[in-house]
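Dear colleague,

Here is the structure I promised to pass on to you. Please look through it first, and then read on for what was found in it.

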Amino acid sequence: MSLVRLEGVAKHVLLPDDTRLEILRGIDLAVAAGDHVAIVGRSGSGKSTLLNLLGMLDTPSEGAVWFRGEPVRRMRRGRLDRLRGRNVGFVFQQFNLLAGRTALENVEMPLGYAGGRAFWTRRRAATEMLERVGLGHRIDSTPEQMSGGEQQRVAIARALVRRPALILADEPTGALDVETGGTVMELLDDIASEADAALVTITHDLHVAARARRHFRLEAGVLTPFDLTGAGAPGGDPSGVVVAPELAASVDEPGPAAADPGPPAADPDQPAVDPDQPTAGRDRHPAPAPRPDAADEREAAEVAS
Ligand SMILES: Nc1ncnc2c1ncn2[C@@H]1O[C@H](COP(=O)(O)OP(=O)(O)O)[C@@H](O)[C@H]1O
Ligand SMILES: [Mg+2]
């Protein structure tokens, strides 16, 4: 069974002048445990919108999202929030770390929302995760005292500290130099495969894309599978990738300047926002519409079982 599945998903928004902006159209995508999917596309092609739908931060205008075989639209808000908090880890281009807080505080933050043992052992879990990303010696440093690569590693530790089944990375190397980006991706890849987590990476960088098992390109809201055959046999050296011309045509010019600015930094004063999910694109994406309370919890429970 797939972990998360989009079926016939479309997303459109009504602009202030009453015209309808079609952001995504007819998206079918299933991601299973242990899978690594890369999605490439130009800035504005709908990549972040798609990632927010996969992470159940946003709801589709048409079509359905399924998580472990259960239709997400049937879930009540509280349950959906818990499910997301427990199972989805987001990594963003701009890291979204809390300024003025130490690496340890940043990483243990998501566990502050966890219950039981995970809550009481959060400090140890966060320390271990920081050691895992090679920052055991920097647990008391704040983001301001760290390099971009270090900050992104803290962000990865924060995204993974709850051992999410689904890791969603939105241009995780967009703010890093090529070499640091490579190290960060390798780490993300390693930790994801150790835990048999599904990893979806959105990227402008074809070398980053080449690390994935499956490739898609997003163009004007339409998702098309892509065979990165030029990269050679599976497991081949990603740096030896020969970029297929069609794929090269579907990404922007390389370099961080091509990337969109990403979501705003998480605000520590914002209540009720799970910091491991700093509501990507909060500036542009409206909060998901409140679910009609008609949704019958018993029915949802049956679907879940
Ligand atoms: N809530 C929204 N209201 C209006 N336009 C939006 C909204 N969300 C996204 N868009 C627009 O949809 C397009 C796709 O956005 P996005 O998913 O952020 O693209 P990408 O991540 O590929 O750069 C962009 O043109 C963006 O401005
Ligand atoms: Mg984006």
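R163 counts as partly exposed, because it has 15 C-beta neighbours inside 10 Å, a number that falls between the limit of 12 or fewer for exposed residues and that of 20 or more for buried ones. Please bear in mind here and below that this is a predicted model. The phi angle of R163 is near 50°, which is a positive value in a residue other than glycine, and R163 itself is found in the loop between α6 and β7. A second residue of this kind is R68, whose phi is positive at about 45° although R68 is not a glycine. R68 sits in the loop that runs between β4 (62-67) and β5 (70-71), and it is partly exposed, with 15 other C-beta atoms within 10 Å.

The helix that precedes the loop of R163 is α6, and this brings me to its packing. Helix α6 (residues 148-160) packs with helix α7 (residues 178-194) at an angle of about 15°, their axes lying 10 Å apart, and the two are therefore roughly parallel to each other, given that angles under 35 degrees are counted in that way. The crossing in which α6 passes α7 is right-handed. On the side of α6 the contact is made by G148, G149, Q152, R153, I156 and L160, and on the side of α7 by T180, T183, V184, L187, L188 and I191. By character, the residues of this contact divide into six nonpolar, five polar and one charged.

Helix α2 (residues 77-87) is the other helix that I would like to point out, since L80, R84 and N87 are buried in it. These residues cover an arc of only 85° around the axis, which puts them on the same side of α2. As for what they meet there, the buried residues of α2 pack against two strands, β6 (88-92) and β7 (166-170); the second of these, β7, is also the strand that bounds the loop of R163.

For the protein as a whole, the secondary structure comes to ten helices and ten strands, and 43% of the 305 residues count as buried. Where contacts join residues at least 6 apart in sequence, 73% of them join residues at least 24 apart.

With best wishes

Conventions. Residues are numbered from 1 along each chain as its sequence is written. Chains are lettered from A and ligands numbered from 1 in the order in which they are written. This is a predicted model: local features need pLDDT of at least 70, side-chain atom pairs count only at pLDDT 80 or more; totals for chains, interfaces and linings use all residues. Helices (H or I, at least four residues) and strands (E, at least two) are DSSP runs, numbered from the N terminus. The arc is that of the directions from the helix axis to the C-beta atoms. Two residues are in contact if their C-beta atoms, placed from the backbone, lie within 7 Å. Axes are lines fitted to C-alpha atoms, for helices over the stretch in contact, and angles run from 0 to 180 degrees between N-to-C directions. Angles under 35 degrees count as roughly parallel, over 145 as roughly antiparallel, 65 to 115 as roughly perpendicular and the rest as oblique. A crossing is left-handed if the near helix is turned anticlockwise from the far one by less than a right angle, and right-handed if clockwise. Ala, Val, Leu, Ile, Met, Phe, Trp, Tyr, Cys and Pro count as nonpolar, Asp, Glu, Lys and Arg as charged, and the others, Gly among them, as polar.
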